[in-house]
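Open your viewer and keep the selection box handy. We'll go stop by stop, with something to pick at each one.

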Amino acid sequence: MLRILNLEAGYGPLRVLKGISLHVSPGEAVAVIGANGAGKTTLLKTIAGVLKARSGEIAFDKQNIRGRPAEKIVAVGCSLVPEGRHVFGTMTVRENLLLGAFCRRHVDNSAGVDESLEQVYDLFGILKERSNQLAGTLSGGQQQMLAIGRALMSRPRLLMMDEPSLGVAPLLVQSIYEKIVTLKRNGLTILLVEQNARAALAVADRGYVIETGQIVLQGPSRQLSDNPEVQRAYLGKEYRRIDE
Ligand SMILES: Nc1ncnc2c1ncn2[C@@H]1O[C@H](COP(=O)(O)OP(=O)(O)O)[C@@H](O)[C@H]1O
Ligand SMILES: [Mg+2]
């Protein structure tokens, strides 16, 4: 579904992505794990069209999407839940969700949007309860759910998530990750980047390890989490999958 080849990107003179190649097949959940500053956010921003690639290829459904503006990339079915959530604090939960459907205004009728809203409310009951509350009054974990819900309103086929566990209380991390498993079971394809390798590898089918803008290791999640280097650098001692 997504295929990236030798992708390079950066900021001004700073070269961040140094030839990243990866792919995500339909129905897969793929994790990219790496330390702070490794280039994970830069990778997702470049795929999402927020940051311009310097070279390399980005194909979505075999179409070249490199260089397309961000809203066109959402429109083809590739949606990003940004790091730090970026919900609109002075708007209500419902208004934030409706913004996520913005790119659909030409294609869909409002009935489709209402249906998506119901699906998001079914997944995250708390968003329904709080639908008229200002987003700024939600907890970090609830705002993360809202950011995921907002991305789902564009009806993506590929959902990209940047550090969904960052700044979220441990109990809510578990619950957010359970929802990610539900989304995957419902057929959504997922690309997840995380410093929290434990959480990400517990739900992903496959993973890539990124270090200073390069992929240094890749493989099935089980193989990565059994790798002594990955354990030492990213996992610590115990870890378990939560999808079984
Ligand atoms: N807007 C920016 N301008 C300049 N440098 C940036 C910007 N964003 C990130 N960087 C730098 O790019 C590198 C990779 O950052 P980032 O992709 O955010 O890493 P990660 O998400 O893995 O923590 C870091 O060295 C960071 O300081
Ligand atoms: Mg980041």
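Before you click anything, one term: buried means under 20% relative accessible area, exposed means over 50%, and partly exposed is in between, using a 1.4 Å probe and protein chains only. Helices (H or I, at least four residues) and strands (E, at least two) are DSSP runs, numbered from the N terminus.

Some housekeeping: this is a predicted model, where local features need pLDDT of at least 70 and side-chain atom pairs count only at pLDDT 80 or more, while totals for chains, interfaces and linings use all residues. Residues are numbered from 1 along each chain as its sequence is written, chains are lettered from A and ligands numbered from 1 in the order in which they are written, and side-chain values use heavy atoms, with hydrogens and water left out.

**Stop 1: helix α1**

Select residues 40–48, which make up α1. Seven of the nine residues are buried, so the helix is largely enclosed by the rest of the structure. To colour the buried ones, pick K40, T42, L43, L44, T46, I47 and A48. Step off the end of α1 and you land on G49, which has a positive phi, near 80°.

**Stop 2: ligand 1**

Now select ligand 1 and show what is near it (a residue is near a molecule or strand if one of its heavy atoms lies within 4 Å of it). You should get Y11, L14, V16, A35, N36, G37, A38, G39, K40, T41 and T42. By class, that shell has five nonpolar, five polar and one charged residues. Here Ala, Val, Leu, Ile, Met, Phe, Trp, Tyr, Cys and Pro count as nonpolar, Asp, Glu, Lys and Arg as charged, and the others, Gly among them, as polar.

Which elements supply at least two residues each of the shell around ligand 1? They are β2 (14–24) and α1, and α1 gives the most, with three residues.

Next, look at the polar contacts of ligand 1. A polar contact is a pair of N or O atoms within 3.5 Å; within protein, one must be able to donate a hydrogen and the other to accept it, and residues adjacent in sequence count only if both atoms are side-chain atoms. Draw these distances:

- From an oxygen atom of ligand 1 to a polar backbone atom of G37: 2.7 Å.
- From an oxygen atom of ligand 1 to a polar side-chain atom of T41: 2.8 Å.
- From a nitrogen atom of ligand 1 to an N or O atom in the side chain of Y11: 3.4 Å.

The protein covers 61% of the 560 Å² of accessible area that ligand 1 has on its own; accessible areas come from the Shrake-Rupley method with a 1.4 Å probe, and for residues only the protein chains shown count as cover.

**Stop 3: the magnesium ion**

Keep T41 on screen and add ligand 2, the magnesium ion, which T41 (OG1) and E83 (OE) coordinate at 2.0 to 2.2 Å. The pair links distant parts of the chain: T41 is in helix α1, while E83 is in the loop between β6 (78–81) and α3 (93–100), 42 residues apart. Donors are N, O and S atoms within 2.8 Å of the metal (3.2 Å for Na, K and Ca), and water is not among the atoms, so sites may look incomplete. T41 is partly exposed, with a relative accessible area of 22%, and E83 is also partly exposed, at 29%.

**Stop 4: across to T212 and Y208**

Go back to G37 and add T212: they are 175 residues apart in sequence, yet their C-alpha atoms are 7.3 Å apart in space. T212 sits in the loop between β9 and β10 (214–220) and counts as exposed, at 53% relative accessibility.

Then pick Y208, in strand β9 (residues 206–211). Is Y208 buried or exposed? At 1% relative accessibility, it is buried. Its C-alpha lies 14 Å from that of L44, with their positions 164 residues apart in sequence.

**Stop 5: two unusual backbones**

Select N6 in strand β1 (residues 2–11). N6 has a positive phi of about 50° although it is not a glycine, and it is partly exposed, at 46%. R155 also has a positive phi of about 50° without being a glycine; find R155 in the loop between α6 (140–152) and β7 (158–162).

**Last stop: helix α6**

Finish on α6, where 12 of the 13 residues are buried, including M145, L146 and I148.
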